[in-house]
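Please work through the exercises below with the sequence and the coordinates at hand. Each one sets a task and is followed by a solution in steps.

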Amino acid sequence: MWKCESVVGASLDVDEVAALYRASTLAARRPVEDRDRFTRMLSGANLFITARIDDRLIGIARSLTDGSYVTYLSDIAVDAEFQRRGVGRDLIRATREAAPQAKIVLLSAPAATDYYPHIGFTRHGSAWTLDALG
């Protein structure tokens, strides 16, 4: 069985997290091949929940939160070998417990749009994105 826990981002092994993103398919939408940018991406978040079986990283939730009003769950990655077993649900539960007064907001990967309503999320029709400059 896996264990979910909050960790300090600086304690994460960048290569281990990049390998997990690749194993989860999230790497297709994140800059894992640009090690410097990926490292900055990880260091910029202030809430990490990991899921491990012994020492093996099988899941991660990366968020930005003020701890009071909103938590932006920017990444949730679960190794494909462990998907559909409740790891993602546990990562979200632990994220919610870390900032219980804050609403969780996320942008879903296209393939996961049917997953989030199943676990209690409500679709929001007024989200907007603006692409990066560079």
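## Exercise 1: a salt bridge within a helix

Arg40 is partly exposed, with a relative accessible area of 48%. The model is a predicted one, and the task is to find which side chain meets that of Arg40 in a salt bridge and to describe the setting of the pair.

Solution. Begin with the charged groups: the side chains of Asp36 and Arg40 form a salt bridge, with an N to O distance of 2.4 Å. Next, consider the spacing, since the two residues are 4 apart in helix H2 and are therefore separated by about one helical turn. Finally, compare the accessibility with the cut-offs: exposed requires over 50%, and Asp36, at 51%, counts as exposed, whereas Arg40, at 48%, is partly exposed.

## Exercise 2: the two sides of H2

Determine which residues of helix H2 (residues 35-44) are buried, and why they line one face of the helix.

Solution. The buried residues of H2 are Phe38, Met41 and Leu42. Viewed down the helix axis, these buried residues fall within an arc of 95°, and so they line one face of H2. On the other side of the helix, Asp36, Ser43 and Gly44 are exposed. As a last step, ask what covers the buried residues: the cover includes helix H1 (14-24) together with the strands E2 (47-53), E3 (56-65) and E4 (70-78).

## Exercise 3: strand E2 and its partners

Establish how many residues of E2 are buried, and in which sense E2 pairs with E1 and with E3.

Solution. Of the 7 residues of E2, 6 are buried, so the strand is largely enclosed by the rest of the structure. Strand E1 (residues 3-7) pairs with E2 in the antiparallel sense over 5 bridges, and within this pairing Lys3 stands opposite Arg52 of E2. The pairing of E2 with E3 is likewise antiparallel and extends over 7 bridges, with Gly59 in E3 as the bridge partner of Ala51. The hairpin of E2 and E3 has 2 residues between the strands, and in this hairpin Asp54 takes a positive phi near 55°.

## Exercise 4: the partners of Arg56

Identify which acidic side chains meet Arg56 in salt bridges, and state where in the chain they lie.

Solution. The first step concerns Asp79, whose side chain meets that of Arg56 in a salt bridge (3.1 Å, N to O). Arg56 lies in strand E3 and Asp79 in the loop between E4 and helix H3 (87-98), so this pair ties together parts that are 23 residues apart in sequence. The next step concerns Glu81, which forms a salt bridge with Arg56 at 3.0 Å, N to O. This pair links distant parts of the chain, with Glu81 in the loop between E4 and H3 and Arg56 in strand E3, 25 residues apart. As for accessibility, Arg56 is partly exposed at 38%, Glu81 is partly exposed at 44%, and Asp79 counts as buried at 10%.

## Exercise 5: the surroundings of Thr71

Decide whether Thr71 is buried or exposed, and find which side chain makes a polar contact with its own.

Solution. Thr71, in strand E4, has a relative accessible area of 1% and is buried. Its side chain makes a polar contact of 2.7 Å with the side chain of Thr65. Leaving aside neighbours within four places in sequence, the residues in contact with Thr71 include Leu47, Ser63, Thr95, Ala99 and Val105.

Conventions
Residues numbered from 1 in each chain as written. Predicted model: local features only at pLDDT ≥ 70, side-chain atom pairs only at ≥ 80, totals over all residues. Heavy atoms only, no water. Buried < 20%, exposed > 50% of the residue type's maximum accessible area, 1.4 Å probe, protein only. Arc of directions from axis to C-beta. Contact = heavy atoms within 4.5 Å. Pairing = 2+ DSSP bridges. Polar contact = N/O pair within 3.5 Å; in protein donor to acceptor, adjacent residues only side chain to side chain. Salt bridge = Lys/Arg side-chain N within 4 Å of Asp/Glu carboxyl O.
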